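Please look over the sequence and the structure below, and then follow the walk through the model that comes after them.

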Amino acid sequence: MEVSSLRRTIVSWLQAGPMVLVFFAFFLIPLVFVTIVSFWNYNDYEMIPEFSGRGYTDTFEGCIDQLPQFCTILRTYGSTLKFCIIVWALTLLIGFTVAYFLAFHVKSKTWQIALSLLCTIPFWTSNVIRMIAWIPLLGRNGVVNQVLVGLHLINEPLEWLLYSEFSVIIAFVHLFTFFMVIPIFNSMIRIDKSLIEAAYDAGATGWQTLINVILPLSKPGIVIGSIFVITIVMGDFITIGMMGGQQIASAGKIIQTRLDAIQFPAAAANAVILLIATMMIIVGMMRLVDIRKEL
Amino acid sequence: MREGRSPAFYILAAFFAAYVLFLYGPMFAIFVLSFQGPDGGLTFPMNGVSIYWFKHLFFEGTGVINIDVSFVRSLKLGFTVALITVVFSVSAGMAFRKKFFGQTLVFYVAIASLIVPSIITSLGIALEFRLIDDWVKANQSWLPAFLFGDFQTSMGLFTSGLAAHLTWTLPFGLLIMFAIFNRFDPRYEEAARDLGATPWQTFRYVVLPIILPSVVGIGLFGFTLSWDEIARSSQAIGPVNTLPLDLQGLTTTVTNPDIYALGTSTTAVSFVVIALALFVIGQLQKKQNSLGSDAGKGV
């Protein structure tokens, strides 16, 4: 028995080995390097392998002097967190509604598959293109402004439609609602239909069934979707960069700015800070659900 | 349950339709605009209809970069990533069907690789390869000259670039494998074993044919995620660019419908791959159904 269980462990590790190796060499080791380099020194053109807290002190510069006003890093994290909350609320609302429709109102299996494919196909196409796609719609001479001016609802084209917080949020919702729809839909189709009939027989209205039966049972899907959306927005620098016209700061964008200035230790220090912030959020959410049981 | 359609159905159906319009509408706008006439601009109205901008993009070039070169480069990388993702995911997925020591740790590492912000992974891989470069350059005196004689950098499309993409596609592959095996009936395997099949035969002739349609799905994820990847590539891709990185660069410099033409071309490739994969999955499932159990059919 001992020998066979050892043998099974070895076989399992051989099977999982190639994937484990990739994660070890190209995910865990790099994270270790990020942490080490974040404590290195640097000058204007290279990193210097000697211990220094400069990456961190530069990042938090002025955070104590400027009190009670917030320093740059705190303001940036505040703004990123604001995007997180707004995008999370919107994607959850839209994602839940779409998933609810697919799971409970589309009766035929074929239609369910066809419609969820319809939601998935854009996910398989390029995010950059889906962002560019908003330019002819939201730009100064874009469709939305043309229509609004044409209807005499406004005299001047609206300037805040593109390259603004508004367009960043639109793009986030456009790109990432998918991450809510699929896990929530997955949770919902596993709900035993007899529970809903029982609620109906016991006199619950549709709304009551939704709030008291379906919502609690969809919680795992909601949590998984939320983790995806929140971590994506927390670390984003591309969507905020492109749709914000490179004018809006974000936690991810600080890292990119530091990298453009070849300040690797400072970039690494910011990466460590971002990692800790993201992990705290995820650990909090993971406590609510066991992901593996939900697939 | 209740007969007929409730009013809620129509409200929700309208909501769903609006969501689908929101998903596809903007993409549709750039497809149309990429066929602008030669004098057309970045916005409506259309100034004639032509394929001028496609010719301009691929044959005259946009000045700085060769789109066709990065197009081919991204295709090669995409198919490599897809292939590796399929093989590694199926293999690891088999391992996870039984409990093994360290299983939970591997699972959490995979999840972490998925949700740790891409810029951090990308930065880490860039640092890793940069440190390797520094080490090679410092030790060039005794390293074999035929390998390291004209060493520039270890970063590149199929080293650091491939690595960065795999950290993104493998977790998806593993999660899909979990979903597959949660719905898999182990009695098929037991039957094969009882009939004297070796573990490899059981896998090759029983398990693989059953899961094959979903495995094609993993390949689809592998290719499309790589084909469109920017965030992880941004720091780790090395000296040459992939297509999406070029496209991102173009958005800041190019002010003509070139970018729409490129957008339409890349999306066309995505659509062809998606259609092909879905077709293969459909065919495989059809074949499975026709060869499936004849129990109760009175054969």
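## Helix packing and the chain A–chain B contact

In chain A of this predicted model, the axes of α3(A) and of helix α9 (residues 178–189) come within 8 Å and cross at roughly 40°. Because an angle that is neither under 35 degrees nor in the 65 to 115 range, and is not over 145, counts as oblique, α3(A) is oblique to α9(A). The crossing of these two helices, α3(A) and α9(A), is right-handed. On the α3(A) side the contact involves A:Thr91, A:Leu92, A:Gly95, A:Phe96, A:Val98, A:Ala99, A:Tyr100, A:Leu102, A:Ala103 and A:Phe104, which meet A:Met180, A:Val181, A:Ile184, A:Phe185, A:Met188 and A:Ile189 in α9(A). Sorted by class, the residues of the contact of α3(A) with α9(A) are 14 nonpolar and two polar, with no charged residue among them.

A second pairing in chain A joins α12(A) and α15(A), whose axes lie 10 Å apart and pack at an angle of about 170°. That angle makes α12(A) roughly antiparallel to α15(A). Here A:Val223, A:Ser226, A:Ile227, A:Ile230, A:Thr231, A:Met234 and A:Gly235 in α12(A) meet A:Leu274, A:Ala277, A:Thr278, A:Ile281, A:Ile282 and A:Met285 in α15(A). The contact of α12(A) with α15(A) has nine nonpolar and four polar residues, and again no charged ones.

Both α12(A) and α15(A) also belong to the surroundings of helix α14 of chain A, since the buried residues of α14(A) pack against α3 (72–105), α12 (219–235), α13 (238–243) and α15 (264–286) of chain A, together with α5 (118–138) and α10 (233–236) of chain B. Helix α14 (residues 251–260) of chain A is mostly covered, with eight of its ten residues buried. The buried residues of α14(A) are A:Ala251, A:Gly252, A:Lys253, A:Ile254, A:Ile255, A:Gln256, A:Arg258 and A:Leu259. Just after α14(A), A:Ile262 takes a positive phi of about 55°.

A contrasting environment is found at A:Ala114, a residue of helix α4 (residues 109–120) of chain A. Is A:Ala114 buried or exposed? With 11 other C-beta atoms within 10 Å, A:Ala114 is exposed, because a residue counts as exposed when 12 or fewer such atoms surround it. The C-alpha atoms of A:Ala114 and A:Ser187 are separated by 18 Å, the two residues being 73 residues apart along the chain.

Taken as a whole, chain A contains 15 helices and two strands, and buried residues make up 42% of its 295 residues. Its radius of gyration is 24 Å, whereas a compact globule of 295 residues would have one near 19 Å. Along the principal axes, the C-alpha atoms of chain A fill a box of roughly 80 × 70 × 40 Å. Of the contacts in chain A with a separation of 6 or more, 67% are accounted for by residues 24 or more positions apart.

Chain B has twelve helices and zero strands, and 39% of its 299 residues count as buried. For chain B the radius of gyration is 25 Å, while a compact globule of 299 residues would have a value near 19 Å, and its C-alpha atoms fill a box of roughly 70 × 70 × 35 Å along the principal axes. Among the contacts in chain B between residues at least 6 apart in sequence, 76% join residues at least 24 apart.

Within chain B, helix α11 (residues 243–253) and helix α12 (residues 258–291) pack at an angle of about 160°, with their axes 10 Å apart. This makes α11(B) roughly antiparallel to α12(B), and the crossing of the two is left-handed. The contact is made by B:Leu243, B:Leu247, B:Leu250 and B:Thr251 of α11(B) and by B:Asp258, B:Ile259, B:Leu262 and B:Thr266 of α12(B). By class, the contact of α11(B) with α12(B) has five nonpolar, two polar and one charged residues.

Finally, the two chains meet each other, with 71 residues of chain A in contact with 71 residues of chain B. Helix α1 (residues 2–37) of chain A gives the most to the side of chain A that touches chain B, contributing 20 residues. That side of chain A has 49 nonpolar, 18 polar and four charged residues.

Methods: Residues are numbered from 1 along each chain as its sequence is written. Chains are lettered from A and ligands numbered from 1 in the order in which they are written. This is a predicted model: local features need pLDDT of at least 70, side-chain atom pairs count only at pLDDT 80 or more; totals for chains, interfaces and linings use all residues. Two residues are in contact if their C-beta atoms, placed from the backbone, lie within 7 Å. Helices (H or I, at least four residues) and strands (E, at least two) are DSSP runs, numbered from the N terminus. Ala, Val, Leu, Ile, Met, Phe, Trp, Tyr, Cys and Pro count as nonpolar, Asp, Glu, Lys and Arg as charged, and the others, Gly among them, as polar. A residue is buried if 20 or more other C-beta atoms lie within 10 Å of its own, exposed if 12 or fewer, and partly exposed in between; C-beta atoms are placed from the backbone. Axes are lines fitted to C-alpha atoms, for helices over the stretch in contact, and angles run from 0 to 180 degrees between N-to-C directions. A crossing is left-handed if the near helix is turned anticlockwise from the far one by less than a right angle, and right-handed if clockwise. The radius of gyration is taken over C-alpha atoms; the globule rule is 2.2 Å times the number of residues to the power 0.38.
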